[in-house]
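Morning, everyone. Please have the sequence and the model open while I talk.

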Amino acid sequence: ATTVCTDCGPPTDFAANPDRILFERIRGGGSLMMLEPDSGTAVEMVPVSREGQYVFAGRFSPDARWIAFHALVERTSPKRVFVAPVRNGRGLGQAHWLPATDVDAEEADATWSPRASMLYFLSGRDGFRCVWARKFDSARAAFKGDAVPVMHFHSARRSLTMLGERNGMAGLTLTPDRLIIALGELTGNIWLARPARP
């Protein structure tokens, strides 16, 4: 094992050719950083424009031309999902962010489909935390159509809400034919006990 960074927050994604690691900055701001392990160089990849803004859980698109993430843009607003372009190996500022949604609901943990034609994310827009998706056209740098539900979790027994609020706890991951996700499960049992006689 080799130490490549001593002042980094949690890593959130990895891209090859060349090797690059996205991670959350833990000191001096709320931006997403990128580390090049061979050189040990860390650069700001998705910068924030002012104090109080935070960017979380960055994920490279399969071609590494985009980064999906969720951000706290205003202190009083919920977290929302965005994508930012990567140009010349660097991310661009807030003026270039594309909002995946425009609803007033908590949304997080975005991840790409294998061909980057869909962006999947968790959303509380229907009163429960469920998986939603929206088509993305990388050539036109635009989302197409409205977000659509992929999988609802409206029961108390299995829920995304029980995982807590930490980024990435659901582990939302896509393969060509699978959606992988962690759920919290609530179960109960009835027990009968005979108290010992004195």
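What does the accessible surface of the protein come to, and what share of it belongs to carbon and sulfur atoms? The surface comes to about 11,700 Å². Carbon and sulfur atoms hold 51% of that.

One caution before we go on. This is a predicted model.

Now the overall picture. The protein has 198 residues, and 39% of them are buried. The C-alpha trace spans about 75 × 45 × 40 Å along its principal axes. How many helices and strands are there? Zero helices, and 17 strands. Next, look at the contacts with a separation of 6 or more. Residues 24 or more positions apart account for 39% of those.

Let's start with a sheet. Find the open sheet of four strands. The order is 1-2-3-4, and the pairing is antiparallel. Which strands stand at the edges? Strand 1, residues 11-15, and strand 4. Each has a single partner strand, so one side of each has no neighbour in the sheet. From one strand to the next, the twist averages 25 degrees.

Go through the pairs with me. Strand 1 and strand 2, residues 20-24, run antiparallel and are joined by four bridges. As a landmark, take Pro11, which stands opposite Phe23 in strand 2. Then move to strand 3 and strand 4. Those two pair over five bridges, again in the antiparallel sense. Here the landmark is Glu36, opposite Thr41 in strand 4. Strand 3 and strand 4 also form a hairpin, with four residues between them. Gly40 sits in that turn and has a positive phi of about 75 degrees.

Stay on strand 4 for a moment. Glu44 lies there. Is Glu44 buried, exposed or partly exposed? Its relative accessible area is 35%, so Glu44 counts as partly exposed. Setting aside residues up to four places away in sequence, Glu44 touches Arg25, Ser31, Leu32 and Met33. Now find Gly91. Glu44 and Gly91 are 47 residues apart in sequence. In space, C-alpha to C-alpha, they are 7.8 Å apart.

On to the inside. In soluble globular proteins, nonpolar side chains tend to be buried together. Here, the largest nonpolar core has 18 residues. Which members touch the most other members? Phe60, Ile67, Phe69 and Trp97. Several strands give two or more residues to this core: strand 3 (32-36), strand 4 (41-46), strand 5 (54-60), strand 6 (66-72) and strand 7 (80-87). A second, separate core has 15 residues, among them Ala68, Ala100, Leu119 and Trp132.

Zoom in on Phe60. What does Phe60 touch, not counting residues up to four places away in sequence? The list includes Asp13, Phe14 and Ala15. It also includes Leu22, Met34, Met45 and Trp112.

Next, a charged-type name in an inside place: Glu107. Where does Glu107 lie? In strand 10, residues 107-112. The relative accessible area of Glu107 is 0%, so Glu107 counts as buried. The Glu107 side chain makes a polar contact with the side chain of Thr101, at 2.2 Å. The Glu107 side chain makes another polar contact with the side chain of Ser123, at 2.6 Å. Leaving aside neighbours within four places in sequence, Glu107 is also in contact with other residues, including His70, Lys79, Arg80 and Phe121.

Last topic: backbone angles. Most residues other than glycine have a negative phi. Which way does phi go at Ala57, positive or negative? Positive, about 55 degrees, although Ala57 is not a glycine. Ala57 is in strand 5. With a relative accessibility of 10%, Ala57 counts as buried, because the cut-off is under 20%.

Now go to strand 10, where you will find Asp109. Asp109 is not a glycine, yet has a positive phi of about 55 degrees. Asp109 has a relative accessible area of 11%, so Asp109 is buried too.

To close, keep three places in view. One is the open sheet of four strands in the order 1-2-3-4. Another is the core of 18 residues, with Phe60 as one of the members that touch the most others. The third is Glu107, buried in the model. Thanks, that's my slot.

Key
Residues are numbered from 1 along each chain as its sequence is written. This is a predicted model: local features need pLDDT of at least 70, side-chain atom pairs count only at pLDDT 80 or more; totals for chains, interfaces and linings use all residues. Side-chain values use heavy atoms; hydrogens and water are left out. A nonpolar core is a set of buried Ala, Val, Leu, Ile, Met, Phe, Trp, Tyr and Cys residues joined through side-chain atoms within 4.5 Å. Buried means under 20% relative accessible area, exposed over 50%, partly exposed in between (1.4 Å probe, protein chains only). Contact means heavy atoms within 4.5 Å. A polar contact is a pair of N or O atoms within 3.5 Å; within protein, one must be able to donate a hydrogen and the other to accept it, and residues adjacent in sequence count only if both atoms are side-chain atoms. Two strands pair if DSSP finds at least two bridges between them. Axes are lines fitted to C-alpha atoms, for helices over the stretch in contact, and angles run from 0 to 180 degrees between N-to-C directions. Accessible areas come from the Shrake-Rupley method with a 1.4 Å probe; for residues, only the protein chains shown count as cover.
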